[in-house]
Amino acid sequence: MELYNGRPENTEGRLPREIRTYDFLDDLGIEYIRTDHGPADNMEACNEIDAVLGVLICKNLFLCNRQKTSFYLLMMPGDKKFKTKELSQQINSARLSFAGAEDMLKYLDIEPGAVSIMGLMNDKEKQVKLLIDEDILKGEYIGCHPCVCTSSLKIKTEDIVKKFLPAVGHVPQIVHLVGED
């Protein structure tokens, strides 16, 4: 895997949602380092990509309540275990589960394996609540997908918090996840 500064020079064969991500970041003046790779569909592949990028391993989970009336994007360290009960209590929600692929596409214009904070730029109706584990904000950089699972970005955490989130109109709720048995 090679590292590149910014968007790909040749966009042939890339999905429109990926190109829109680069356009959005460029319009905001957010610098990013990019690497292209095979589909990152498991944590082992993500660990390899994160080692190349030199970023904190970040799990991005797209969740919903039982009634499918509330949707959440949770960003948490990859080495923590996700405990629904622990999170549900903090956000005052009934039992949470993983939202389906159709909801990912509907609300974030992303597909399974590509869940990322970048999908919030597609949530024009503000239907998804962003939840960030406090440990994510301690890192200097965040690694994320540009709405596809075949590229990954390294972006300054400060740029995500101070430029990206205000631009997409999402205010995160900071959560504290222990993730231990």
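## Strands, helices and salt bridges in a predicted model

Strand β3 (residues 58-65) and strand β4 (residues 71-77) run antiparallel and are joined by 7 bridges. One of the pairings in these strands places Phe62 opposite its bridge partner Leu73, in β4. Two strands count as paired if DSSP finds at least two bridges between them. Strands (E, at least two residues) and helices (H or I, at least four) are DSSP runs, numbered from the N terminus.

This is a predicted model, in which local features need pLDDT of at least 70 and side-chain atom pairs count only at pLDDT 80 or more, while totals for chains, interfaces and linings use all residues. Residues are numbered from 1 along each chain as its sequence is written, and side-chain values use heavy atoms, with hydrogens and water left out.

An open sheet of 5 strands has the order β5-β3-β4-β6-β9, with mixed pairing. Its edge strands, each pairing on one side only, are β5 (96-98) and β9 (173-175). On average, neighbouring strands of this sheet are turned by 35 degrees against each other, direction ignored.

Helix α3 (residues 84-91) lies across β3, β4, β5, β6 and β9, at about 135 degrees to β9. Helix α4 lies across β3, β4 and β6, running at about 100 degrees to β3. Axes here are lines fitted to C-alpha atoms, for helices over the stretch in contact (heavy atoms within 4.5 Å). Angles run from 0 to 180 degrees between N-to-C directions.

Side chains of opposite charge can pair when their charged atoms come close. The structure holds 15 salt bridges, each a side-chain nitrogen of Lys or Arg within 4 Å of a carboxyl oxygen of Asp or Glu. The table gives examples.

| Salt bridge | Closest N and O atoms |
|---|---|
| Asp109 and Arg17 | 3.2 Å |
| Arg34 and Asp36 | 2.6 Å |
| Glu158 and Lys162 | 3.3 Å |

Asp109 forms its salt bridge with Arg17. This pair links distant parts of the chain, 92 residues apart: Asp109 is in the loop between α4 (101-108) and β6 (128-133), and Arg17 is in helix α1 (residues 16-27). Arg17 is buried (under 20% relative accessible area; exposed is over 50%, partly exposed in between, with a 1.4 Å probe and protein chains only), at 12%.

Arg34 is also buried, at 3%, whereas its partner Asp36 is partly exposed at 25%.

Glu158 and Lys162 both lie in helix α5 (residues 157-168), 4 residues apart, about one turn of the helix. Glu158 is partly exposed at 48%, and Lys162 is exposed at 60%. Elsewhere, salt bridges that share partners join Arg14, Glu18, Arg34 and Asp36 into one network.
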